[in-house]
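Reader: I have some questions about the terms used for this protein. Please set each value against its cut-off.

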Amino acid sequence: MSAGGFVDTNPHARVAGAAPFAVELEAGKSVWLCRCGHSADGIFCDGSHNKINESLPEAEHITPLEFTPEESKTYYVCACKRTGKLETTMMCDGSHAKKEVLKMYNQQLLKANSKLAAEKDELAKRVAELERQMAGL
Ligand code: FES
């Protein structure tokens with residue numbers, strides 16, 4: 001997808017955060033970094049990509065990246081999943097600050113808010129129904 005020169009290099013991935021995740025990693029200890037953005041913490045793969053891949057052609061499947069730190073220190077793992085280092089380290093390259101990525105993140109948040117609002121309305125209806133039933137007892 002292209003808009004004003006922006007090419008989404010990971011179009012099926014969820015933006016997991018508005019800024020990189022600071023993570024302490026140990027030298028030589030491999031980790032599997034999430035590239036789909038759907039893992040619970042947005043950092044480490046928890047298998048959530050399998051659910052995303054069910055609806056994608058095999059050529060577009062998203063897989064985690066194995067990363068072995070060369071030194072023990074704080075690493076800044078990409079949260080937007082659009083870093084130019086998708087295939088190498090998954091570390092932040094500043095892509096989260098691009099307006100197209102911010103727009104994607106805002107759209108995700110709006111969608112999540114709408115879903116929560118709908119759930120809240122549904123719960124309020126159920127509570128009101130239960131209160132009516134209890135009043136009739
Ligand atoms: S959960 Fe995101 S790549 Fe596995």
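Reader: Which residues touch the most other members of the largest nonpolar core?

Author: The model is a predicted one. In its largest nonpolar core of 18 residues, L33, C34, V77, C78 and C80 touch the most other members. Strand 4 (31-33) and strand 6 (73-77) are the elements that give two or more residues to this core.

Reader: What makes that set a nonpolar core?

Author: Its members must be buried residues of types such as Leu, Val and Cys, joined through C-beta atoms within 7 Å. In soluble globular proteins, nonpolar side chains tend to be buried together.

Reader: What does C78 touch, beyond residues up to four places away in sequence?

Author: C78 touches P20, T83, M90, M91 and C92.

Reader: Why is F21 called partly exposed?

Author: A buried residue needs 20 or more other C-beta atoms within 10 Å, and an exposed one has 12 or fewer. F21 has 18 such neighbours, so it counts as partly exposed. F21 lies in strand 3, residues 21-25. Apart from neighbours within four places in sequence, F21 is in contact with G42, I43, V77 and A79.

Reader: How far apart are F21 and Q108 in space?

Author: Their C-alpha atoms are 18 Å apart, with the two positions 87 residues apart in sequence numbering. Contact requires C-beta atoms within 7 Å, and Q108 is not among the contacts listed for F21.

Reader: How do you know that the length of helix 2 agrees with its number of residues?

Author: Helix 2 has 37 residues, 99-135, and at 1.5 Å a residue should span 54 Å; the end C-alpha atoms are 53 Å apart, so the two values agree.

Reader: What makes helix 2 "hardly covered"?

Author: The count of buried residues among the 37 of helix 2 is one. In the whole protein, 22% of the 137 residues count as buried.

Reader: Which residues does the "coiled-coil region" annotation cover?

Author: The unreviewed UniProt entry places it at residues 102-133. In the model that span is 100% helix and 0% strand, and its end C-alpha atoms lie 46 Å apart. The annotation itself may be inferred rather than shown by experiment.

Reader: How does the radius of gyration of the protein stand against that of a compact globule?

Author: A compact globule of 137 residues would have a value near 14 Å, whereas the protein has 20 Å. The C-alpha trace spans about 70 × 40 × 30 Å along its principal axes.

How values were computed
Residues are numbered from 1 along each chain as its sequence is written. This is a predicted model: local features need pLDDT of at least 70, side-chain atom pairs count only at pLDDT 80 or more; totals for chains, interfaces and linings use all residues. The radius of gyration is taken over C-alpha atoms; the globule rule is 2.2 Å times the number of residues to the power 0.38. Helices (H or I, at least four residues) and strands (E, at least two) are DSSP runs, numbered from the N terminus. Two residues are in contact if their C-beta atoms, placed from the backbone, lie within 7 Å. The expected span of a helix is 1.5 Å times one less than its number of residues.
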